[in-house]
Amino acid sequence: FYRKAASQPLSTFVLLGPSGSGKTAFLSLVESASLLKSKTPSTTTHTSQTSTSTTVTLPPSVPVFSNRYRSVNDPSLPDAKRNAVKYILRDTPGHGKLRSAQLTQLQAELSSKNKKEASSIRGILFFVDAASLAEGAENLRDYAGYLYDILLVLQKVILTKGKSSAKAGAIIRILVAANKQDLFTALPPGSVKQKLESEIDRIRQTRQKGLLDASAGPEHDEDEDEVLGGDGAGGAFTFQGLEDDIGVKVDVIGGFAKVENEKDDAGATGIRKWEEWIGSCL
Ligand code: GTP
Ligand code: MG
């Protein structure tokens, strides 16, 4: 049993998203809770320049999908062992100039044909600063552009591997973390979702037009997968439409990667729903 557990690589979740969206803040909250609160989360973060992978633990109270038939009160399990699931969080830099490297790495890992190196990436947490979305269209364009590129990578991988593998759940899930909900200026998750969908729709139209213009000559019909699918009812892009198309599910959930006050349980309240989402992927 133990040997089997050891030989299986831990599931990895990749933190992506623009600079300042709270990826490192989230990681440090999860990490400090994993260290049994021996360390208070660092309140100061600074912009990340490299990717770092950290092994963390899901709080025992967060349900895990693969354990769903096991009662939380299962007396056969000692308290500390119950649901003590480990996973890896990979923090990445969000700066615009460092994004294409993230995309390249993601595509390489997900499309690796080598079974031994099969991707252990189970999910992507795409962080957005929901407060800065209220400030202007430029931020929205930036965030939606990055998300579009990530979704396009997934679509390419899936279309190459064949759609059935995606439907079989072999591919990853995406969480859009509408962060900074502690700020009163933050847009609620429903509105973050709407804005991202309509902006991705706009980007899609622009790129489609660009491709049509570029392929005005003959012998061009291989560009189909260069534009993101996901037409919902009425032809506009929706996350639901994307799920119907390529089988990748996108959830938009609000929260905050910040300790509310000193007495707060290591910031557990603000990130709880995201940890529950992670548990549902495991
Ligand atoms: P890069 O490393 O540059 O890609 O940015 P990042 O996504 O890692 O952002 P980081 O975690 O460094 O957070 C940026 C700033 O936002 C920091 O000052 C955090 O303290 C702050 N911050 C992060 N999450 C929250 C939140 O939920 N609420 C509030 N009010 N501030 C937050
Ligand atoms: Mg960072």
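These are my notebook entries on one sheet and on a strand within it.

Entry one, the sheet. I am working from a predicted model, and I began by looking up how its strands are arranged. I found six strands forming an open sheet, with the order 2-3-1-4-5-6 and a mixed pairing. I then looked at the edges, where strand 2 (52-57) and strand 6 (250-254) stand, and I noted that each has a single partner strand, so one side of each is left without a neighbour in the sheet. I also looked up the angle between neighbouring strands of this sheet, which are turned by 25° against each other on average when direction is ignored.

Entry two, the partners of strand 1. I found that strand 1 (residues 12-16) pairs with strand 3 (residues 86-91) in the parallel sense, over four bridges, and that Val14 has Arg90 as its bridge partner in strand 3. I looked next at strand 4, which runs parallel to strand 1 and is joined to it by five bridges; here I noted Thr12, which stands opposite Ile121.

Entry three, the surroundings of strand 1. Is this strand buried or exposed? I counted a residue as buried when its relative accessible area is under 20%, and five of the five residues of strand 1 are buried, so the strand is largely enclosed by the rest of the structure. I checked its two faces separately and found both covered, with Thr12, Val14 and Leu16 buried on one side and Phe13 and Leu15 buried on the other. Finally I looked up helix 3 (residues 99-111), which lies across strand 1, strand 3 and strand 4 (121-129) and runs at about 160° to strand 4.

Technical notes
Residues are numbered from 1 along each chain as its sequence is written. Chains are lettered from A and ligands numbered from 1 in the order in which they are written. This is a predicted model: local features need pLDDT of at least 70, side-chain atom pairs count only at pLDDT 80 or more; totals for chains, interfaces and linings use all residues. Side-chain values use heavy atoms; hydrogens and water are left out. Two strands pair if DSSP finds at least two bridges between them. Axes are lines fitted to C-alpha atoms, for helices over the stretch in contact, and angles run from 0 to 180 degrees between N-to-C directions. Contact means heavy atoms within 4.5 Å. Buried means under 20% relative accessible area, exposed over 50%, partly exposed in between (1.4 Å probe, protein chains only).
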